[in-house]
Every structure is written in C-alpha cells, then in structure tokens.
Amino acid sequence: MRTRFRQTAGRQHHAGPLTYVLLGLAALVSLFPLYWNLVAASHTGERVVTAPAPLLPGPRLLDNLSFAWNQVDMGEALVNTTVVASLVALSTVLFSTLAGFAFAKLPFKGRGALLTLVVATMTIPPQLSVIPLYRIITDLGWVDQLQSVVLPSLVAAFGVFFMRQYLIEALPVELIEAARMDGAHSLRIVWHVVFPVARPAMAVLGMLVFVQAWNDFFWPFIALTPDGNPTLQVALAGLGAGNHSVDQAVVLTGALISTVPLLLVFALLGKHIVGGITAGAVKS
Amino acid sequence: MATSVRARNGGSPSPDPPPDAPSARSRRPGDRRPDSGASALRRRLYRWDLKATPYAFIAPFFLTFAAFGLFPLLYTGWLSLHRVELGGEPEWRGLENYTGLADSEFFRNALVNTFTIGVISTVPQLLMALGLAHLLNYRLRGRGFFRVAVLAPYATSIAAATLVFAQLFNTDYGLINSALGLVGFDPVDWESSKWPAQIAISVIVTWRWTGYNALIYLAAMQAVPQDLYEAAALDGASRWRQFLSVTIPSIRPTILFTIIVSTIGATQLFGEPMLYGGSVGISGGSGNQFQTLSLLMYEKGWVTGALGQASAIAWVMLLLLLVGGAQTLVSRANRKKQEG
C-alpha cells in the first residue's frame, strides 16, 4: 500500500504559498474545537459560560478530571468502551478476513450474488433493526449489558468488502495452490498463507473498526443507559441532556476523556490510518 | 473489478484433488491396497473441504446479518402494520400507520428537516473535501501533519463533537457569536431559530467528515495516470481546466461513492441534533425545528410508546433510500446510453 503511495506522490507540482495558507486554515479549523475542548475542561463551569469564552487553558483541569472520574463514573465508561471496542475490532477483523478470503480467492456457487448482497446490506439504516432488538434485549434482561452492543457488531459488511478488495490483489492464487499441493487443508492455509499476507490490511481494518466502535452512538444509546452501565458516548449523552446537573466544564471534561485516547492513537498511528482509508477507497 | 474476478475464476484450483503428495512419498510400491481406503477418505475430505469451507468462512457474516439485520428488518415491517404499545398485544392496522404519517405534520416536518439538513451538510462538505484533496495533492512540506490534522475530527465522536460545538454556537457566550461580533454582525440565535440551528448542526457533520472524504478523494486523485495531465498540458489547458476536465471525470466513481455514503448517513442523522438540542433534543428543539426522521422515530418508539408508528417511520427511511438508489442507477444507465 505504501509503495504505491510513494511512487505516485513524487510527480506532483510543488505547493505555492497560497496552498500552505489554505491548508493551514483547514488544519486550524480541524484542530481548534479539540483545543477549545481542552481549554473549557480546564476552567470552572461559570467561566466557560461567561462571555467572552476563554481562549487559553485555565488551572482547573485536574479538579474537573477527578470530578468527572469519581462523580460521573467516566472511568467505568472508559473501561466499558475499551472492552466493547476491542472485542468488536478483534472479531470483525477475524470474521472479515475469513469471509474476504472466501470472496476473493475461493470458488463457490453463488459467490457473485452473495458478495452483492453483502455490499447491499451496507445501505440498511440501523433504525430498521433497533425496535425488535430492543424488545429482544429487554426480554433477555440484557439492557445495560455490554453483550447487547457487542453481538450485533461481531462482523461488518464494510470489513468483509475491505478485506476482499485487499486480498484479491495481495494474495497470489499460486500460494494457495502450492499449499493445497502440500496437502494443507483450508484452515492451515488461512493460518499459514492468508493471515501473513493479510496482516497489514487486518491492522488497518482493526484500527478503523476500533474507532467506529469507540464512537458508536445510536444503538448503544438505546441498549445502555447513562446511569446504568454506559459506554463513553452514552455517558456523554447523559451529561449533555443534563442528567447529573453538572456544569459545562465537567460535561466538556467528559468529552475530553472520550476523545483523548483516540487522538493519541491517531497521533501515533495516523500515517497507517490515513493509508488504510485511502487504500480501501482506491480499490472500491 | 469485473476483470479480476473473471481471471480468478479461471485460475482457481481445479475441482479434482491433486496427488496426495505426503502419502505418495511414504508409499512403497508393494502396499498400494491397504492405503487406498485412507486415500479415498482423504480425497473425500479434500473435496468436502473445497466445497464447504467457503460457506463456513462467510457464514459468520450471514448469520450475524440474519439475526441482527434481516430478522429485525422484517419484524419492523410486521410491526409497522400493527398498532403496538409497549407491553401490549399488537393489533392489525393494515397501512394505517403509513397513511397516518402522510397526514402527520410532525412527520412532514421531520422529512423536510432531514432533507434540508442533509443538503446543507453534504453538498458543502463534499465540495470542500474536493478542494482540500486538490491542495493535499501538491508536493508539500509537512504532508503527514496536514493529513492527520484534517482527519482528527473523524477521530472525535458525535457526542464529544456536538457537546463542544453546542458551546461554541451558544447564542449568549459562544465563541462563534463573539467572532461574528468582531466583524460587526449581530448575535445569531443558533438554537431556537430554525435555519441557524440547522446550519449549526450541519457544521458539526461537515466538520467531522470533510477531512475523511478529502483523503478518499486524494487517494483517487493519485491513481489518475500522469500522462492524462501531460496531454492536457500540451493542449494548453490551465491547471484549473485540468482539474475540471481531467481530475474530476477520472475520480467520478469515487465521488459517486462518497455521495452515496454521505446520503445514507444524512438520512440516519440522529446523534448530532439530539445532543445539540440538550434537554429538548429528542423533539429536535423546542419547536421541532431540527427534528429529523430518526429523532421522530425514537420519540414515537421510546417516548410515546407507539412502536407501530415508529416502525413505519423506519421503513419509510429504507424506502426513501431504495427509491433514491434506484433513481441513481437509472440516471446513470441513461447517461451511459447517451454517452455510448
């Protein structure tokens, strides 16, 4: 993926000063709300809602953090979110790689039609499933249980398609045939041939799915409650709706707690994520 | 894509089992017979492996979809034909829930809001993403920084982004009104006025997704063959002309892809208006001024407890997408016919 990027990037025109000005502006607009989130989380609630709003960090960040952590249970929400996002990412990567491999390289009846079906399912809004699902988890007593948000997300059509697009180019049929000649059965081929070849794409897909699961809102908001066993997003929704009648500085501290872990991941692995988004799109 | 699929079918392993390499090696000329039972079994296993494994590998997706996608979808359809209250027995209503929607002022309001917010959030977003991708396509110092910076909003959740923007857009003390004041504008009522509130919500959507779409466009732009530009330059086309006549047509499939994805997203819009509205979020503001179809569905289902009506709204959302999708396909087919 990377080499392709490099090869094509070298031919471009050099950027003029206006390009840098415009890009600088875009970066500023992209980053300012995040910076201001930090600013607001470091002031008192009264200061945040007093005009003119603060532009520089204040002294209250640690107090707000400990309040959000201890009084609003953002710590518990952080643990829940990490558990949910990790499980969803692991299982989606595993099942998407298997299905993507089958769609890319294994001949079977109905392959084309089934692949079309996979892609078509992406257009179905989640709104069409939440009412029955809510009835089911209510009957099972799963409201506020994490499995009710993990199970529906065990595998995603997007992931299947993503892995198929990658493997179709990256995995030579000869490798599979050679393994079959050696008498390897399919699971051995998956383990010794497919996984090693697919690893870069699996890593990228894992990160994308992790981000998505971390930020997922609609179904978790229905299946979990802010005062029960929430993920970060559900807890934030509770704060935003005024459930705890806390001040705005604490609300925005909650927002900061939910954002910073992902921003750290992006700062460390951003290049790979960018590569993944672009690679997945070019091939689709 | 089509060609690669065909190539793969041609090159796939033949259905006949290959010689059993390991056992053949261990076999001595004299004892063929006792081994043949085992090798027949092996061959049968092998054939079974070839046949069944693909289905086993795609099974997790289809089982998950059947349980959490298809079954609920059909069940929602069934509910939409009934009068259902939380805890009560469903009662057959036919299409009354749907005809009721057609008469409902709230439904029409939500439908129009979903459409207007969808347009205000999608069109500028994709246009800006195109421009941004064009800029990022220059040879740049700090390329990595710019790319990650414009992608940072994508890492921010709907909830966090909306809570921050709700403060920035606050009518009394928000920074956006302060900034407008500096250039001489009167404060705008970003919460209870209809259009400003819809614009504010669209800004949140646009902020989160512009960079992401720009990176998708960028990747597509980098795959455009260089000789197309060279030919255009030889013909005396300016850089702007090249952008319009070479870049845009070359990445048209990608543009269509992002339009489809953003349209689906816009149809489902829920978290941004709900959290932007604070304590009156579910009704989409005090006068329903930014209530979307999703919010109305949630209000019907979880506040009013009219699950049949909520299900009908959900199905209308799917039908709208299907009609839109069919229309896109038809108009594309027509254009192809005209062109070729």
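How many residues of chain B are in contact with chain A, and how many of chain A take part? Keep that in mind as you open the viewer; what you have on screen is a predicted model.

**Stop 1: chain A**

Select chain A and colour by secondary structure. You will find 14 helices and 0 strands, so to speak a run of α after α from one end of the sequence to the other. Turn the chain about its principal axes: the C-alpha trace spans about 70 × 65 × 30 Å. Next, colour by burial. Of the 284 residues in chain A, 46% are buried. If you draw the contacts between residues at least 6 apart in sequence, 74% of them join residues at least 24 apart.

**Stop 2: a helix pair in chain A**

Stay in chain A and select helix H5 (residues 74–105) together with helix H9 (residues 157–170). Their axes come within 7 Å and cross at roughly 50°, and H5(A) and H9(A) are therefore oblique to each other. As you rotate the pair, look for the handedness: H5(A) passes H9(A) in a right-handed crossing.

Now show the side chains where the two meet. On the H5(A) side, pick out residues including A:Thr92, A:Ser96, A:Gly100, A:Phe101, A:Phe103 and A:Lys105. On the H9(A) side, A:Gly159, A:Phe162, A:Met163, A:Arg164 and A:Leu167 are among them. Colour this contact by class and you should see 9 nonpolar, 5 polar and 2 charged residues.

**Stop 3: chain B**

Move on to chain B, where the secondary structure comprises 15 helices and 2 strands. Colour by burial once more: 40% of the 340 residues in chain B are buried. For contacts in chain B with a separation of 6 or more, residues 24 or more positions apart account for 64%.

**Stop 4: where the chains meet**

Finally, bring both chains into view and return to the opening question. The answer is that 93 residues of chain B are in contact with 89 residues of chain A. Select helix H3 (residues 33–80) of chain B: with 17 residues, H3 supplies the largest share of the side of chain B that touches chain A. Then colour that whole side of chain B by class, and it shows 58 nonpolar, 29 polar and 6 charged residues.

How values were computed:
Residues numbered from 1 in each chain as written. Chains lettered and ligands numbered in written order. Predicted model: local features only at pLDDT ≥ 70, side-chain atom pairs only at ≥ 80, totals over all residues. Contact = placed C-beta atoms within 7 Å. Helix = DSSP H or I, 4+ residues; strand = E, 2+ residues; numbered from the N terminus. Nonpolar A, V, L, I, M, F, W, Y, C, P; charged D, E, K, R; others polar. Axes fitted to C-alpha atoms, helices over the stretch in contact; angles between N-to-C directions. Parallel < 35°, antiparallel > 145°, perpendicular 65-115°, else oblique. Left-handed = near helix turned anticlockwise from the far one by under 90°. Buried ≥ 20, exposed ≤ 12 C-beta atoms within 10 Å, placed from the backbone.
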